[in-house]
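Here are a few exercises to help you find your way around. Have a look at the structure first, then work through them one at a time.

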Amino acid sequence: MNNDKKNLLSTNQLTFLLTGFTLGPGFLRLPNVVVKEAGQDAWISGIVGLIYPLYIVLVSSYIAKKHSKENVLTLSRRYFGNIVGNILNIIFMLQFVLYTSTIASEFIRILEVYIVAFLTPIKICIVGVTLALYAAYKGLKVLGKISELISYILIFIIIFSVAACKYGDMLNLQPVFSTRIIDILNGIKSTCYCYTGFESVLLFYSSVYDVSTIKKASLKAVLIAGSIWVWTIFITIYYLGIDIIPKSYWSFIMVFESIHIPVINNFRYVVMFAWILIIVRILANYYFSSAFIINDMTGIDIKQVCLIMYPLFLYLPIKFKDNILREKILNFAVPRFVIFNILLITLLALMIFIKSKAYQKSNINQKTLNTE
Amino acid sequence: MNNKRMNNSLKNKFTNKKYILIILIIFILFVYFHSGIDYLPVEELGIPSGIGNDLSDDEFSIPMAIYNYGSDKKITTFIYTGVSDTIAGTRQNRQLLFNKNFRLGHERIIISSEKLARFGIINWVSIVFKNPNINDTALIAVTKEETKEILNYNVPEYPSAADYIAQMIKNSTEFNFFSDNYKLMDIFVRLYAEGRNIVLPYIELENGKFKITGMALFKKDKMMKKIDINDSRIMNILRENKVKGILALKESSKKYISYYTITKRNVKCERKNGKYYFTIDIGLNGEIVENNMFKDIRRNKETMQRFETYMSKYVEKMCYNFIRKMQNDYKVDCLELGRVAAAKFGRHTGVDWDEIITDRNKTEIKVKVNVNVKKMGRGNY
């Protein structure tokens, strides 16, 4: 029993593990992509877009309640048959591999510009991916602890951005509610890349120590991540205004330059330093998930899978550094993966619901038969 | 017994091997990453204290004031100028004269000569924006003379003129209603934002001393006009919020009263029949620093009210004078009223706010000043 508690995730760790799948380098660019579509009402798109993670989390906790000892991979094999189930699992895995590579390439780009301009991309990639490999090698419990600690650092850093309130102006957010509905909907579509990641709860809910708290933990994760996203969009528009946001590639970082602390020339340096930890955490999480799915499908030991995938994850991020290729693949893949996730989860939940209703009915029939 | 000891020693060997392996890997990585990187003491780095931007014969001329760490802890300045037809090209050109490796990040001021400001500052703003190392809190100013002359000027006991000018601009917020919005970051936020424009302090060398003699008004990225210090004071009262300065009422050359105040500004906007109506509410709150006119202002409530009405009427008159000049002469929306209108009536509608606000038929601006005296010093002589 004690062993279990040491090896399984606590509720807090599940919450922060989930935020560790979603708060990564993408949300530094979140104001850029959403403001391009929705203008100064981008924060409305941010709030409404939270429907997608909320839906995934609620349906996943239903599935978790019904089948608390398994994960989505075995369930899809059970309900859809072996062949179809495996194909669905492969598609599920592809999105984790894709996101690992794009996150690593974003890592390289941000570090190259802001911190280590003197290193070549391959060197930066080696450092980032090796750290992620080491963390993933150690297993899920370690990832949970890492996510918890680094999420506290992330929240601490975000609180500093409140200082930008002094220099911005409410006028930048006005006129409110004046953009067309179609623009707000387009804005919601562009939040999809940042809001994905909560599907990972389907993989790991069986490793939680207290299964009854999964729903609360994952809702808390959506709340934390959601408030950070909406706050990011809000404070960036408040400080910069919608005309200036497109001019910076990572506009949320400009918000941190408004903070003046006596000793430090530019608070941005402190933020970037913490950001390296944050990106390594999310990279490790995605790395582990990709290895986990492959391990489940092929039965190879998960530590060996991690090592085997290492060269792949050195090659792909360098390939994705090319902006045009990245944009093309992400524009193609992200909406389709999102729809795939929603459909997969909905179908699974429906089938579980139908089967459980049928099981109940047969139980009642059996009981009435017995009493007769 | 023997078995156990052998097991233990094997285990120890294993953990020792692991540590040695890790240290070896770290050492190899260190050497791999460290190749080609030098460490230099600060005396051998070229750290600019100020950057100038000039235009000479259709070419960009960018002088940089570099600290020179001499013997006896004395710090002086050398000026190195790069000339080229692109701003990045000036870096190459300057390195031909330069004996050090220059590192941005510590520059205190970035000044522009009036010639380049009238040509357009978008070139150096865009190259500076791309560089993440630049100091976003550097102060910006426009100068009358060539920046080479300004940066070269020897201010006694100061390592460079740039330090002196930086402190001058920073402390200008004490009076004359200057705000602290003259940093590089403020230029980034105002340059192409809808309804906003840039104004910068204008510095001249007068009688061998640096002096702020007014402000430069920009339309987008080109300087349009230089206004003198009296107009700048009124513009700052109408434009900025929470700025400090001195206003005075004068009856004769010996009889006057001075009022040191902090302003508060509020703008409201309405639109009727396609015409814009702006109301600027200015609240002045301050203390009487000098009183040779209203002797019984402290005892008599009516005198106080008389002072307040006279002062508010005086400020309103000056404001209306300035607004008239702005609409007839300057042709730039330097009060950032376009920003309030865009916030109320929609952004990106294709409207040119400069045009609308400086057109007397399309805009009417009303100013209401409210004066409040809260302190009067320790007595009246």
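**Exercise 1: where two domains touch**

Work out how many residues of each domain of chain B are in contact.

Solution. Step one: count both sides, and you get 15 residues of domain 1 of chain B in contact with 17 residues of domain 2 of chain B (contact means C-beta atoms, placed from the backbone, within 7 Å). Step two: see which elements give two or more residues to the domain 1 side, namely β9 (209–219) and β10 (222–228) of chain B. Step three: sort that side by class, which gives six nonpolar, four polar and five charged residues. Step four: place the domains, 42–225 for domain 1 and 241–375 for domain 2, with C-alpha centres 32 Å apart.

A word on the source: this is a predicted model, where local features need pLDDT of at least 70 and side-chain atom pairs pLDDT 80 or more, while totals for chains, interfaces and linings use all residues. Residues are numbered from 1 along each chain as written, with chains lettered from A and ligands numbered from 1 in written order.

**Exercise 2: follow the strands**

Trace how β12(B) pairs with β11(B) and with β13(B).

Solution. Step one: β11 (244–250) and β12 (256–272) of chain B pair antiparallel over seven bridges (pairing takes at least two DSSP bridges; strands are DSSP E runs of at least two residues). Here Lys244(B) sits opposite Ile262(B), and five residues separate the strands of this hairpin. Step two: β12(B) also runs antiparallel to β13 (275–291) of chain B, joined by 16 bridges; Glu270(B) has Tyr277(B) as its bridge partner. Step three: check the turn, where two residues lie between the strands and Asn273(B) takes a positive phi near 55°.

Technical notes. Helix = DSSP H or I, 4+ residues; strand = E, 2+ residues; numbered from the N terminus. Domains from an automatic or database assignment. Contact = placed C-beta atoms within 7 Å. Nonpolar A, V, L, I, M, F, W, Y, C, P; charged D, E, K, R; others polar.
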